[in-house]
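Colleague: Could we go through the cavity and the aromatic rings together? I would like to start with how the lining is sorted.

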Amino acid sequence: MDLGRLLERLVSRPDAAAHAPVLKAALMDPYFPVGMLERTLFAHVTGMRFYIDKDRPEIQPLLVRDLVEFAEAFRLIRQDLDVLCRRHPAFRFFMECRGPEPPSDQWCRMCGTCCQIGAVPAVAPSGVTYPPHWHDLLEGTRLVNQQLCPFLFRSPGTGYYFCSIHPIKPVACRAFDAEDCRARRRDGYLHG
């Protein structure tokens, strides 16, 4: 599937016209995880007994809805992070996450596979309080079809992804380790 053509077709649909500013802003943002959306939301779905072709015309309105919701969530998170970056130096790393490759001294390869999830409990680390709307985003209750953590951002100019709230990511995400990563990559996915 050619994501560029699919996105162009979706954005040009009459039902997307009202959302054009939000979609354009998200798609033009260097941190927007377009490649990860291609691997989740826009990918054909395969399973033991079924196949969902995302190019089918009757699915297009649902993809528009899902893309708009994700773009709106992304925009909201970007606004929150802009404020956090000004107030807290620990968040400045997110603006500087531009390396061509992941650091070689860590097990995480910044592939984003671990963030292909619908939800995690919105339990913040000790001493941290999340804005109320983050709970819905983390717990998967805000987006109708959440297949990707909306806090996952793309490292600009690369194929790598990172957690935009890494310094204060949820307790469940902090517990995810190298063994969990290997198991997740080994198990495979519904998406083709």
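Modeller: For that sorting, Ala, Val, Leu, Ile, Met, Phe, Trp, Tyr, Cys and Pro count as nonpolar, Asp, Glu, Lys and Arg as charged, and the others, Gly among them, as polar. Please keep in mind that this is a predicted model.

Colleague: Fine, so how do the residues of the lining of the largest cavity divide?

Modeller: They divide into 5 nonpolar, 4 polar and 1 charged. The residues that line the largest cavity are L37, T40, L41, D66, F70, L143, N145, Q146, Q147 and L148.

Colleague: How much space lies in the largest cavity, and what does the count of cavities of 30 Å³ or more come to?

Modeller: The space in the largest cavity is about 60 Å³, and the count of cavities of 30 Å³ or more comes to 1.

Colleague: Take Q147 from that lining: is Q147 buried or exposed?

Modeller: Q147 has a relative accessibility of 18%, and because buried means under 20%, it counts as buried. Q147 is placed in the loop between α7 and β3 (152–154), and its side chain makes a polar contact, at 3.1 Å, with the side chain of N145, which is another of the residues lining the largest cavity.

Colleague: Switching to the rings, how many aromatic pairs are there?

Modeller: The count comes to 9 aromatic pairs. One of them is F32 with F74, where the ring centres are 4.9 Å apart and the planes stand at 80°, so this pair is edge-to-face.

Colleague: Where do F32 and F74 lie?

Modeller: F32 lies in the loop between α3 (20–28) and α4 (34–39), whereas F74 lies in helix α5 (residues 60–87), so the pair ties together parts that are 42 residues apart in sequence. Both F32 and F74 are buried.

Colleague: And why is the pair of W107 and F176 tilted?

Modeller: The planes of W107 and F176 are at 40°, with the ring centres 6.5 Å apart, and planes under 30 degrees apart count as stacked and over 60 as edge-to-face, so the pair falls to the rest, which is tilted. This pair links distant parts of the chain, 69 residues apart, with W107 in the loop between α6 (92–96) and α7 (132–139) and F176 in the loop between α8 (171–175) and α9 (178–187).

Colleague: What is the relative accessible area of W107, and how does F176 count?

Modeller: W107 has a relative accessible area of 40% and is partly exposed, and F176, at 24% relative accessibility, also counts as partly exposed.

Colleague: Last one: which residues form one aromatic cluster?

Modeller: That cluster is formed by Y31, F32, F70, F74, F153 and F162, and F70 is also among the residues lining the largest cavity.

Notes: Residues numbered from 1 in each chain as written. Predicted model: local features only at pLDDT ≥ 70, side-chain atom pairs only at ≥ 80, totals over all residues. Heavy atoms only, no water. Phe/Tyr/Trp six-rings, centres within 6.5 Å; stacked < 30°, edge-to-face > 60°. Helix = DSSP H or I, 4+ residues; strand = E, 2+ residues; numbered from the N terminus. Buried < 20%, exposed > 50% of the residue type's maximum accessible area, 1.4 Å probe, protein only. 1 Å grid on protein atoms, 1.4 Å probe; cavity = no way out; pocket = protein on both sides within 12 Å on 5 of 7 lines; lining within 4 Å. Points joined across faces, edges and corners; volume = space filled by probe spheres on them. Polar contact = N/O pair within 3.5 Å; in protein donor to acceptor, adjacent residues only side chain to side chain.
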